[in-house]
Amino acid sequence: MSFKKILLVSLLTITAFFCFPFFIHNEIVDYFNLAIPETKSYAQVPKNTQQYYNVQAYDSKTGSKLPYKINRVGGYDPSLEYIKIDHRGQYVKEIQYVSKKEFSKVVNK
């Protein structure tokens, strides 16, 4: 192989390595991906469980649905159903349970 081919393959490999996190979204990659802003969202979750899957969240600023669903959110109170999620993409940093009134205020903007 010539030097130019080796250099080209090396540059393509390095470029692919650094671009990889922008195409894959899961909670591990999103934790490290600083290009994704940390946001606060609201969601309604099912009662009587502490593991919530495919959660449709609503943007706290606009009240509109996020263009994606959060794959997994862990809770700690199975009797409540409205949560405020502090997250970066799929990575959930923290949740807080909120009242139906607070949730409705954000979603019905």
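This is a short selection-by-selection tour of the model you have open.

Before you click, remember that the model is predicted, with local features needing pLDDT of at least 70, side-chain atom pairs counting only at pLDDT 80 or more, and totals for chains, interfaces and linings using all residues. Numbering runs from 1 along each chain as its sequence is written, and side-chain values use heavy atoms, with hydrogens and water left out.

**Stop 1: Tyr58**

Select Tyr58, which sits in strand β2 (residues 51-59); helices (H or I, at least four residues) and strands (E, at least two) are DSSP runs, numbered from the N terminus. Is Tyr58 buried or exposed? Tyr58 is buried, at a relative accessible area of 18%. Here buried means under 20% relative accessible area, exposed over 50% and partly exposed in between (1.4 Å probe, protein chains only).

Now show what surrounds it. Contact means heavy atoms within 4.5 Å. Setting aside neighbours within four places in sequence, the contacts of Tyr58 include Ser41, Tyr42, Lys65 and Val107. For a distance check, pick the C-alpha atoms of Tyr58 and Tyr68: they are 10.0 Å apart, with the two positions 10 residues apart along the chain.

**Stop 2: the rings**

Next, colour the aromatics. Rings of Phe, Tyr and Trp (its six-membered ring) pair if their centres lie within 6.5 Å; planes under 30 degrees apart count as stacked, over 60 as edge-to-face and the rest as tilted. The structure has five aromatic pairs. Select Tyr31 and Tyr91: the ring centres are 4.8 Å apart and the planes are at 75°, so this pair is edge-to-face. Tyr31 belongs to helix α2 (residues 27-32) and Tyr91 to strand β5 (residues 91-97), so the pair ties together parts 60 residues apart in sequence. Tyr31 is partly exposed at 40% relative accessibility, and Tyr91 is partly exposed at 24%.

Go back to Tyr58 and add Phe103. These two form an edge-to-face aromatic pair, 6.0 Å centre to centre with 80° between the planes. Tyr58 is in strand β2 and Phe103 in helix α3 (residues 100-107), so this pair ties together parts 45 residues apart in sequence. Phe103 is buried, with a relative accessible area of 8%. Then add Phe32 to your earlier selection: ring pairs link Tyr31, Phe32 and Tyr91 into a cluster.

**Stop 3: the charges**

A salt bridge is a side-chain nitrogen of Lys or Arg within 4 Å of a carboxyl oxygen of Asp or Glu. How many salt bridges are there by this rule? The count is four.

Try Arg72 with Glu27, whose side chains meet in a salt bridge at 3.6 Å, N to O. Arg72 is in strand β3 (residues 65-74) and Glu27 in helix α2, and the pair links parts of the chain 45 residues apart.

Move on to Asp86 and Lys40, a salt bridge with its closest N and O atoms 3.6 Å apart. Asp86 is in strand β4 and Lys40 in strand β1, so the pair ties together parts 46 residues apart in sequence. Asp86 is buried, with a relative accessible area of 9%, whereas Lys40 is partly exposed at 40%. Now select Glu38, Arg88 and Lys93 together: salt bridges that share partners join them into one network.

**Last stop: Phe3**

Finish at Phe3 in helix α1 (residues 3-23). Phe3 is exposed, with a relative accessible area of 64%.
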